[in-house]
Amino acid sequence: MDADSEGGDAPPSATYGSDAAAAAAAFRTFRTLVESADRKFARVRDLPPYGRGPHLLHYYRKVFRAYTSLWRFQQERRGELVGAGLRRWEIGEIASRIGQLYYTQYLRTSEVRYLLEAYVFYEAILNRGYFEAGKGSLASSSSARTDLGLRYKELRFHARFLIVAMLLNRTDAVKHLAERFRALVEESKAAHPETNFKEWKLVLQEIFRFLKANTAFTNTRPLRYSILFDSHLSSVPYIARFHANRVLRLQDALLTSYHHNEVKFTELTLDTFRMLQCLEWEPSGSFYQTPPKEPTDNGAFSDLSGASGLIDINLSADMTDPSLPPNPRKAIIYHPSVSHLIAVIATICEELSSDNILLIYVSASGRTHHNTVLQKDISGSLLNFSRPNRVSQTSHKQDSSLPDPPVGDKPDSNSCLESYLCLGPRGSGGFNNLYPEDLLPFTRRPLFLIIDSDNSHAFKAIHGAERGEAAALLLSPERPSSVFATDLTLNGSQFTYFLTAPLQAFCQLVGLSSDVEADVYRNAEGILSSALAEWEVILCTCNSLNQVWAQVLPDPFLRRLILRFIFCWAVLHLFRPIEKSSQHLPACIPSLPESVSPSSAKTQVHILQLAENFGVIDHFHFSDSIRDSVPNR
């Protein structure tokens, strides 16, 4: 049984009463199965997407069993059902629900195989035109041709299929679906002039705005972690021999963003879309391949792939790619309230095991009225808490580069309350303000924080005020940099861009467009790869590496984020903007070793090589000794 199979042709009209009665009985059974499956579907759909535990698997098994029975029944009794009035779009609705289930399961588990299962069903729906109004029902097309409800189903299906195709990086399919969606909206307006399709026109604008921002460079490396590109052969032995007193694995990640007029498609913003893929393995091997389908005698298509679209899948079976570790689970929250965000973090932390770490990524606008006060000290003395400091001595013992809290220098606690991130519309009040101290209760568990905001540096105050575990912080510049005075937010956050697609972010910084010659770009990829490999070895062999970074370095996703941060830090430090200040630079806490800082020769030389490769060396400043060292390398 596969998503494309339609069964045999409809039999001739029943001529005997027994046949008519059997068809009527089959149709009643079909309706009962549909109602039962729909109730179970609604129950699963309404579950919180960040939930965990075996009870969720129980619900998913029940709903998959329900749709398995329904799908088999409509295949086996197709002739009778058509004779009783089964319409074509109803088959598409069942297949679409199955696709939605697989997509929802992907969001819960981060297993890409579920995403591919959804793609298989959606592709079958599209190829067979189940929702196309012109095809009507299997019995008669006249009633469905002008059905506005059917038109809405087709629009929703295309929007869902687009998201799945984008997440799988099916570029050709995405372009095709976007153009079909545009044509469908125009056809809908013409066919139903009395109906306002404003909402769908806004979705159409979102689609093309998103695609324009996300396809600036074609034929580039995937955002997901690729063994081929992101595992550096020269540094693999050092990673294998690296030993820390404690090793943490990235188990869960929470991703959210809130910006005015940010680039998004439905509830997936461009920043979270990039970070989502950055925390997944790039599928490898034949497991995720979708071979061509061959037509069978009855015109249906047989699916020969490993991920066949079977809906009676055993969710407890081990169907993952054996060559790859599991992806960290991710909770993606669209425009949450602060209370909702805190509740989700608390839920995840409650189930976080002692040898795992939670990554929290927040991209949002901020506000501060006391920046000069807040940035005097990054040791944690800014937060005037009565609760004693319980940060483990092991975490801070190696952090000798940070100053001790000044004795008796405790600013007014109200100054901290003026620095926050805005997780709501302008003028919505303090209910939507996320303060640094809001995250402190969760530092009883290991946290890896990425704050991408124009007020990110206010979160330096977390350091030293943790409740048990020293947090790792990567903080964005408070102002983006560029050779042009343009609004860079049209292409998403610059800092997130550096962490997820560093070479593309570099090109954006220096004003290079997507028409860079292929050989030049390929050479740049080699330069960047060499740089990351060398910095990886430096970190693995550094005796002064802070324990906060040492304990996460073995994790491939977190290690790659740290290395890309070093690249971003060096590039922005060496960049020549019109005006230069600390607001244009990112920050990490605790400090990374001086040997990978922007002032290090082993860091600068790679940036120089990259700038020379692209012919943009005039946009950067290097010491004469570094310039002279390049030809001799």
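## A tour from strand β12 outward

Begin by selecting L475, which stands opposite A587 in β13. Helices (H or I, at least four residues) and strands (E, at least two) are DSSP runs, numbered from the N terminus. This is a predicted model, in which local features need pLDDT of at least 70 and side-chain atom pairs count only at pLDDT 80 or more, while totals for chains, interfaces and linings use all residues. Residues are numbered from 1 along each chain as its sequence is written, and side-chain values use heavy atoms, with hydrogens and water left out.

Next, show β12 and β13 together: they pair in the antiparallel sense over three bridges, where pairing requires that DSSP finds at least two bridges between two strands. Display the side chains of β12. A472 and L474 point one way, L473 and L475 the other, and all are buried (under 20% relative accessible area, with exposed over 50% and partly exposed in between; 1.4 Å probe, protein chains only). In a regular strand the side chains alternate between the two faces of the sheet.

Now add β11 (residues 447-452), which pairs with β12 (residues 472-475) in the parallel sense over four bridges. Here L449 stands opposite L473, and I450 stands opposite L474.

Widen the selection to the open sheet of six strands, ordered β6-β1-β7-β11-β12-β13 with mixed pairing. Its edge strands, each paired on one side only, are β6 (329-334) and β13 (587-589). Neighbouring strands are turned by 10° against each other on average, direction ignored.

Two helices to select on this sheet follow. Helix α11 (residues 270-278) touches β1 (249-258), β6, β7 (356-364) and β11, and its direction makes about 170° with that of β1. Helix α12 (residues 338-350) touches β1, β6 and β7, at about 175° to β1. Contact means heavy atoms within 4.5 Å; axes are lines fitted to C-alpha atoms, for helices over the stretch in contact, and angles run from 0 to 180 degrees between N-to-C directions.

Move to N546, in the loop between α17 (518-540) and α18 (547-550). At 2% relative accessibility, N546 counts as buried. Its C-alpha atom is separated by 9.8 Å from that of I589, 43 residues apart along the chain.

Finally, select α2 (residues 54-76) and α4 (residues 88-109), whose axes come within 11 Å and cross at roughly 160°. The two are therefore roughly antiparallel (angles over 145 degrees; under 35 is roughly parallel, 65 to 115 roughly perpendicular and the rest oblique). Residues that meet include Y60, F64 and W71 in α2 and I94, I98 and Y102 in α4.
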